[in-house]
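Biologist: Got a minute to walk me through this one? I'd like to hear about confidence, then the strands, then the pocket.

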Amino acid sequence: MATVFIPASLRRLCGDRHSVEVEGATLRQVIENLDPECPGIHALIVEEGMLRPGIQLAVNGSTAATGLLREVPADAEVQILPAMSGGAGEAPGRGAPPR
Amino acid sequence: MVAPAKKPYRVVGSRPVRPDGTDKVTGRANYGADIRLPGMLYGRVLRSPHAHARIVRIDAAKALALPGVKAVITQADFPAAEDAITDLGETASNLKWLVDNVLASDRALYHGHAVAALAATDPHVAEDALALIEVEYEELPPVLSVHEAMAEGAPRVHPNMHTVEMLARFSPGPRSEHDIPNAASHLRLEIGDLDQGFAEAEVVIEREYETGTAHQGYIEPHNGTALWNESGELTVWLSTQGPFMMRDQLARVLKLPVSKIRVIPMEIGGGFGGKIPVYMEPMAAVLSKKTGRPVKMIMQRDEVLFGTGPTSATYVRVKLGAKRDGTLTAAEAYLAYEAGAYPGSPVGAGGMCMFSPYSVPNQRADCYDVIVNKPKVSAYRAPGAPAGSFAMESTLDELAEQLDIDPLELRQRNAAVDGTRRIDGAAFQSIGNEAVMRAAAESPHWNSELQGENRGRGIAMGYWGNGGLESSAYATVNRDGTVGLVLGSVDIGGQRAALAMQIAETLGIDYEQVKPIVVDTDSIGFTAVTGGSRTTFATGWAVHEAGLEIRRELEARAARIWEVDASLVHYDDDGVIRGPEDRSFTFREIAGQLHRTGGTVQGKADVMPEGTGPAFACHIVDVEVDPDTAKVEVLRYTAIQDVGTAIHPDYVEGQIQGGAVQGIGMALTEEYVYDDQGRLRNASLLDYRMPTTLDVPQIDTILVEEPNPGHPYGVRGVGEVPIVPPLAAVANAIHQATGVRTRRLPASPRVLLEELLPEE
């Protein structure tokens with residue numbers, strides 16, 4: 001079982017849990033298996049089968065260079081990392097994001 | 001000064017002459033300004049005189065009528081930009097914002113924002129023509145600080161922008177429940193139970209801090225020459241930290257496939273994170289397409305300050321809880337960083353780094369990315385970390401004073417160690433934080449007595465996570481026994497030398513046998529920016545892997561020559577290939593036989609390594625404050641840092657010294673000065689005051705070498721963390737000298753005098 005640390009902004013999806021234990025041999029499987037525990041989290045992390053731009057995953061503290069393909073050892077810790085820099089929001093003049 | 005460490009290497013750890021040194025000191029090195037092409041035109045940029053204005057009309061007729069002027073462009077000459085994120089290596093950026101920052105669309109959002117560009121046959125004609133472009137503006141109220149911008153009812157720089165939660169920001173998720181004017185995003189980092197942590201505390205201290213806008217201050221201005229040929233292929237010569245990132249941005253902005261763009265990196269005169277985004281390069285390309293001629297553009301110094309990305313001005317509030325023995329129980333921060341006119345401040349890194357030197361079980365950082373009418377910020381050496389650490393390390397110093405504990409001792413009692421969790425939940429592995437603090441405690445500087453009036457000593461820690469990302473390299477064995485090493489990493493801080501040394505070590509040959517060269521984007525695989533303290537680490541991995549491939553190939557070749565099984569042949573670390581019956585080849589010997597025994601041998605590698613080792617630093621500074629003028633003189637400075645393995649100690653020390661001086665500049669003198677209309681008033685290096693060699697003493701360095709297990713030679717990135725501690729170290733020293741806690745930097749004489757003088 002991997003222990004996934006849930007960042008503060010996503011804990012509302014996970015019943016305010018700080019971490020969730022899920023099965024998975026790769027990060028892809030871990031994130032897929034996380035979604036039933038934290039409904040909607042998969043769509044926030046994965047886009048068209050790839051990590052969304054600006055989102056990084058780490059395994060045992062090391063940023064996963066191969067993204068969702070990264071193998072996850074047994075009892076590994078997985079972190080969802082914020083982008084270390086870069087901004088957010090929407091382009092001017094493009095309207096508000098859908099609720 | 002190098003702390004004793006085991007050095008099992010032949011080349012790594014030595015101090016050879018850099019391969020680019022002679023050309024640079026003799027003026028033969030080619031920079032972007034040296035490019036001259038037949039029929040070349042000269043481009044210039046017209047910039048907004050207002051911090052915020054609607055562009056009502058642009059009329060270029062008079063400029064175009066001037067003899068010699070060949071073209072004028074506005075953003076209308078660019079392909080329409082979609083709303084999508086592009087990855088810039090150290091940052092991610094929305095393409096629409098990227099294009100709008102290159103050339104304003106309907107509104108100018110900061111003083112110096114580009115609104116039009118032209119190309120002419122002569123640079124003086126180009127300059128004269130700028131004055132002939134007529135622009136009608138309708139001025140709008142600017143917002144010039146995070147306080148103004150986030151105030152209830154503040155005018156919104158982007159009217160349709162609402163605060164979103166980071167991590168959900170690229171998805172169709174909900175807005176933040178707390179929409180704050182001009183706050184593009186909110187990121188909460190959190191570990192443990194903050195309420196419980198403060199409940200356990202016996203002492204609680206809360207303080208506020210601000211820092212000004214500081215520029216990277218690279219001496220070489222931005223430059224670029226573009227040639228868009230008749231076949232629709234674009235070639236660009238420029239000064240950049242990331243040719244491939246530049247190619248990708250040009251492709252997105254100009255709607256060209258990357259295969260149609262060749263970016264040729266010239267020598268670079270400094271970057272520090274500021275030479276990653278596009279600015280004039282797309283303009284030069286469009287002007288070239290429009291005129292059919294190459295177009296060269298070089299920024300003037302004031303344009304560099306007006307129109308490129310400095311680092312954020314910041315507001316940070318810190319609250320610490322501790323036991324009376326100094327044990328930290330809780331740490332909380334609120335950070336608001338100016339992003340400039342478009343989202344993308346490094347506030348997340350500020351929140352991420354500020355508590356990382358310490359083991360604090362309960363932490364929270366609320367980070368706000370705030371839009372203001374100033375230039376869009378860019379990466380600057382450990383982006384975002386110095387301001388956050390200034391707040392944390394100053395508060396920690398005050399806590400030490402309250403608890404009557406030596407400030408270094410307080411830090412040591414709370415030091416993060418292997419297994420300590422950062423604020424994002426990740427646990428540290430193999431870090432040198434304690435070793436750095438120990439080296440500081442044992443240093444001659446810390447153990448010396450500071451004598452004299454108005455003098456004080458300060459100390460502060462710093463942390464930076466360092467980067468990995470993609471790198472490519474290949475190496476060719478020449479018949480004279482040399483190795484041609486081909487790199488995609490631009491050389492800013494001695495990377496050619498540091499990478500040549502690593503492959504020399506791998507091959508067991510002399511450094512002088514390696515001939516490194518940096519090539520263009522058509523000549524090597526994708527390589528990420530020289531930035532993020534990644535190059536000696538990640539491209540070092542690539543050259544090591546390339547060297548290993550050469551070793552394997554040469555073993556096979558020797559076996560073929562000797563007609564023995566390859567398993568009986570070994571390439572040893574001394575560069576000698578040994579086989580059965582005492583047969584052997586030196587590297588030079590077998591290199592000389594390659595062309596007659598099957599041809600050239602090459603090694604290549606494309607890597608994206610994990611295992612980046614984080615960096616910790618501790619700085620100690622002595623200052624003297626003139627009681628009449630409040631001018632601060634730095635008397636003595638020592639920087640201690642875990643560097644993993646110092647591949648080339650000269651360049652490691654140089655990085656540390658350079659970072660420290662830039663941090664001293666942020667602490668004492670460097671700041672953008674705006675008037676109340678948002679006009680930048682000090683856009684020159686006379687008035688934007690960077691420290692010179694006359695302003696700082698020798699920066700002593702102590703290299704602590706805790707090898708990174710994630711790299712074949714133990715490399716940790718070294719370039720960024722040295723800019724993190726100086727702000728607080730200097731402020732803490734000023735406090736000891738004067739009794740005044742400096743909560744706003746730079747601590748210029750004006751700012752400090754206000755604190756020093758009696759209130760009357």
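Modeller: Sure. Bear in mind that this is a predicted model. Chain B has 96% of its residues at pLDDT 70 or more, and its mean pLDDT is 94.

Biologist: Where in chain B does pLDDT stay under 50?

Modeller: There's one stretch to flag, and the model still gives it 19 contacts beyond four places in sequence. The stretch with pLDDT under 50 is residues 168–173 of chain B.

Biologist: Okay, on to the open sheet of seven strands in chain B: which strands stand at the edges?

Modeller: Pairing in this sheet is mixed, and the order reads β3-β7-β1-β15-β12-β13-β14 in chain B. A strand at the edge has a single partner, so one of its sides is left without a neighbour in the sheet. In chain B that describes β3 (69–73) and β14 (261–265).

Biologist: And by how many degrees are neighbouring strands of this sheet turned against each other on average?

Modeller: Direction is ignored for this one. The average comes out at 20 degrees.

Biologist: What packs on that sheet, touching β12, β13 and β14 of chain B?

Modeller: Look at residues 243–254 of chain B, whose direction makes about 145 degrees with that of β14(B). That's helix α7 of chain B.

Biologist: Inside the sheet, which residue of β15(B) is the bridge partner of B:Asn223?

Modeller: Strands pair through backbone hydrogen bonds, either parallel or antiparallel. Here β12 (residues 223–228) and β15 (residues 295–298) of chain B go antiparallel, over four bridges. The partner of B:Asn223 is B:Ile298.

Biologist: Now β2 of chain B: how many bridges join β2 to β8?

Modeller: β2 covers residues 53–59 of chain B, and β8 covers residues 134–139. They run antiparallel, with B:Ile55 opposite B:Tyr137. The number of bridges is six.

Biologist: Which residue in β6(B) is the bridge partner of B:Ala53?

Modeller: β2(B) also pairs with β6 (residues 107–108) of chain B, antiparallel and over two bridges. Within that pairing, B:Ala53 is matched with B:Ala108.

Biologist: Last topic, the second largest pocket: which helix gives the most to its lining?

Modeller: Its volume is about 690 Å³. Of the 31 lining residues, the closest to the centre include B:Ile219, B:Phe272, B:Arg381, B:Gly658 and B:Gln662. The biggest contribution, eight residues, comes from residues 649–668 of chain B, which is helix α17.

Biologist: And how many residues of that lining are charged?

Modeller: The lining has 13 nonpolar residues and 13 polar ones. The charged residues number five.

Note on methods. Residues numbered from 1 in each chain as written. Chains lettered and ligands numbered in written order. Predicted model: local features only at pLDDT ≥ 70, side-chain atom pairs only at ≥ 80, totals over all residues. Heavy atoms only, no water. 1 Å grid on protein atoms, 1.4 Å probe; cavity = no way out; pocket = protein on both sides within 12 Å on 5 of 7 lines; lining within 4 Å. Points joined across faces, edges and corners; volume = space filled by probe spheres on them. Nonpolar A, V, L, I, M, F, W, Y, C, P; charged D, E, K, R; others polar. Pairing = 2+ DSSP bridges. Axes fitted to C-alpha atoms, helices over the stretch in contact; angles between N-to-C directions. Contact = heavy atoms within 4.5 Å. pLDDT = per-residue confidence, 0-100.
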